[in-house]
Amino acid sequence: MKKQAFLKFYLNFRLYIFPGIVALSSLILIIFVIYPQSNKLITNQRVQQDLAEKSKFLEAKASTLESLDDTDLSNKLEYVLLSYPTDRDFGNIIGLLQTISNQNGFNITTLSVSSGSETPEVAQKYRVRLELLGSENLFPSFITAIESAVRIMKISSIEISPSREGGVISISLEVEVLYAQAPTSFGGADTPLPQLSDEDDKIIAKIATFGIPATSQPTTSQPRGKADPFE
Amino acid sequence: MEKISINLLPVEFTQEEVKKSKFYKVQAISISIILILIFLSILTISLRIFQSNRIKIAQLEVAEAENRVTSKSLRQAQLLLLKNRLSAIQNYLGVSSKQAEMYTLVHNLLPSALDISSVSVGREGGVLVSALATDANTLDRIFTDLLNKEKNENKISKVSIESLNRGRDGLYRVNFTVGPKK
């Protein structure tokens, strides 16, 4: 009886019931399937594009890194660190200043080194004070030689007075020697690689023409004596 | 003679047929709509599955490329340090300090007739000169040259005479300071 009443009800109002059910089903399909899937498709399209760009960038970076020559890179870095090292290089500086002084006709009577600025954000430096004797005519070329040396140094103060010996002046010179700590982080895989410009290559070539100073070359000593001392 | 047609069917039957016809039309449209929506649902789900696979492949490619880059991290560090140093060296190499520049400039402008007792260049670049001159013309020439913009390359801002006196020997003893342009 119930079934017959329901059937009769449906047959009387099927013109409204059937499209109503279809409309409800359509809404459910749209709200729970079509709309979220379409949104996800659009979002994932962006993700796919980002992945494609990242892959392209990493491929190019990997190719560039693999094409670099280890020896060439190490040599360039060695030259550059000679010019602007990561730490104080007292031994190297003392030898270099002595060499420059001798080449320009000056004698160092006193040399003292003091620590300088420790601010890591700017170029760090320490000071070297030199007391010299030499000819006044040669002094301009001497200070030019110091400031144009491959090792980065700058004159910070000069005091000149005549010495007791005729024609010779006494000079008190303060030189600032620059260095800078190496960065603590060198970035990750996403860090873009820097390009070396023509200007950079010229600087490296200029530093390289001076070669590695004798004071910083490793000294090897030949073994002496008998190979077997009990013979 | 005209034909006469008489509809013997009851009115309710006709109405019932009209209702049926309407319903069949609505039914056809509804079924078409639901089939289209089902098709769209299947299409979007298939595209999502296809896209997910492509994203997985792209992620694998990215991971492989990242591994290649990470395996060369030492070279990357060397290159970054090299560039870091070169950028700094460019600012210093071949560039004279103000102190050296001022000394060289003043040294070149002072006449040979002037007997220089002492020269000192401070950390700010100011040059203090103590000298002996035989006549006032020499002194005049010194200060004129030092203040001449063409001769001093526009690098000197001022010249201050700290002291000037003339001794019994007729010599002029002068202490003067040359200030650099900032």
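**Chain A overall, and a closer look at strands in chain B**

Of the 231 residues in chain A, 33% are buried. The structure is a predicted model, and the picture below should be read with that in mind. Chain A contains five helices along with four strands. Walking along the sequence, these elements come in the order α-α-α-β-β-α-β-β-α. As for how chain A is wired together, take the contacts with a separation of 6 or more: 69% of them involve residues 24 or more positions apart. On the outside, chain A shows an accessible surface of about 14100 Å², and carbon and sulfur atoms supply 57% of that surface.

Over in chain B, two strands make a hairpin. Strand E3 of chain B covers residues 156-166, strand E4 of chain B covers residues 172-180, and the two run antiparallel, paired over nine bridges. Within this pairing, B:Leu164 sits opposite B:Val174 of E4(B). Five residues lie between the two strands of the hairpin, where B:Gly170 adopts a positive phi near 85°.

B:Val174 turns up again in the surroundings of B:Ser130. This serine belongs to strand E2 of chain B, which spans residues 127-133. B:Ser130 counts as buried because its relative accessible area is 17%, under the 20% cut-off. Setting aside neighbours within four places in sequence, B:Ser130 touches B:Val174 and B:Asn175, and its contacts also include B:Asp115, B:Ile116, B:Ser117 and B:Ser118. As a rule, side chains in a regular strand alternate between the two faces of the sheet.

Definitions and conventions
Residues are numbered from 1 along each chain as its sequence is written. Chains are lettered from A and ligands numbered from 1 in the order in which they are written. This is a predicted model: local features need pLDDT of at least 70, side-chain atom pairs count only at pLDDT 80 or more; totals for chains, interfaces and linings use all residues. Side-chain values use heavy atoms; hydrogens and water are left out. Buried means under 20% relative accessible area, exposed over 50%, partly exposed in between (1.4 Å probe, protein chains only). Contact means heavy atoms within 4.5 Å. Accessible areas come from the Shrake-Rupley method with a 1.4 Å probe; for residues, only the protein chains shown count as cover. Two strands pair if DSSP finds at least two bridges between them.
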